[in-house]
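Welcome! Let's take a friendly walk through a fold, helix by helix.

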Amino acid sequence: MRSFLSVAVGLLALAAMPASALTFDRCTKAQIDAATEAVQGAKRMTGVARAAVGDHEHYVRWFGGYSPGNARIVEENLAAIDLALGAGALTLVCPALGEEDCWSDTFANVWPDEPFVINLCPAFFRMPGVEGFGPRASGFQNGTREGTIIHEISHFDVIAGTDDECYSRRFCASMARLDPRRAIRNADSYQYFVEDVYLLPDADKE
């Protein structure tokens with residue numbers, strides 16, 4: 001369980017750092033370009049989603065029945081992710097297959113108590129970027145690079161301290177209906193919420 005003091009100290013440290021302070025380890029030029037674009041896109045998306053927290057279809061799908069208390073937690077977590085992305089104080093590592101627990105089906109991973117280092121596995125670079133999708137896209141069902149960055153940042157204890165309570169849109173949507181308290185602690189729920197708000201902004205109007 002993260003403490004208020006640890007979160008406050010972590011966010012104050014981020015706020016004091018200069019923007020665009022990304023650093024890279026073991027990454028090729030092509031990987032650096034792709035990762036930088038993903039971080040920049042994740043920042044844009046999180047800002048949009050943070051402002052969209054409310055009693056609507058996207059929120060209910062990923063965080064369960066609306067309540068002001070739960071919505072406040074979601075907004076605070078998105079605000080912390082947004083600040084981390086804005087500070088850009090991330091170390092992005094590009095391990096080879098088999099290194100840093102990077103297996104064929106692993107997109108990325110982190111150690112929650114070691115901010116702000118993200119391992120971007122080879123599979124990450126085969127994922128689509130969000131800008132390749134139109135407003136009625138369905139191909140992002142397996143996630144985007146930007147969404148994966150958001151997912152991993154949410155795991156850090158000083159940010160949102162999320163867990164992997166479920167994976168996949170099908171199972172996470174089901175969990176949100178049955179157990180909203182688990183949903184607001186789940187990393188994929190934040191990823192899917194941000195992706196849907198950004199890519200499907202008019203869903204509630206249909």
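What follows looks at a long helix, a pair of crossing helices and one serine.

This is a predicted model, in which local features need pLDDT of at least 70, side-chain atom pairs count only at pLDDT 80 or more, and totals for chains, interfaces and linings use all residues. Residues are numbered from 1 along each chain as its sequence is written, and side-chain values use heavy atoms, leaving out hydrogens and water.

Start with helix α2, residues 29–51 (helices are DSSP runs of H or I with at least four residues, strands runs of E with at least two, numbered from the N terminus). Its 23 residues reach 34 Å from first C-alpha to last, close to the 33 Å expected at 1.5 Å a residue, where the expected span is 1.5 Å times one less than the number of residues. Among its buried residues (under 20% relative accessible area, 1.4 Å probe, protein chains only) are A34, A38, G41 and M45. The buried residues of α2 pack against partners including β1, α4 and α8.

Now turn to α4 (68–87) and α8 (187–199), whose axes, lines fitted to C-alpha atoms over the stretch in contact, come within 12 Å and cross at roughly 80°. That makes α4 roughly perpendicular to α8 (65 to 115 degrees between N-to-C directions, on a scale from 0 to 180). Here I73, V74, N77 and L78 of α4 meet Y190, F193 and V194 of α8 (contact means heavy atoms within 4.5 Å).

Finally, find S189 in helix α8. S189 counts as buried because its relative accessibility is 0%. Beyond its neighbours within four places in sequence, S189 is in contact with W62, F63 and A183. The S189 side chain reaches the backbone oxygen of A183 at 3.3 Å.

Conventions:
Angles under 35 degrees count as roughly parallel, over 145 as roughly antiparallel, 65 to 115 as roughly perpendicular and the rest as oblique. Buried means under 20% relative accessible area, exposed over 50%, partly exposed in between (1.4 Å probe, protein chains only). A polar contact is a pair of N or O atoms within 3.5 Å; within protein, one must be able to donate a hydrogen and the other to accept it, and residues adjacent in sequence count only if both atoms are side-chain atoms.
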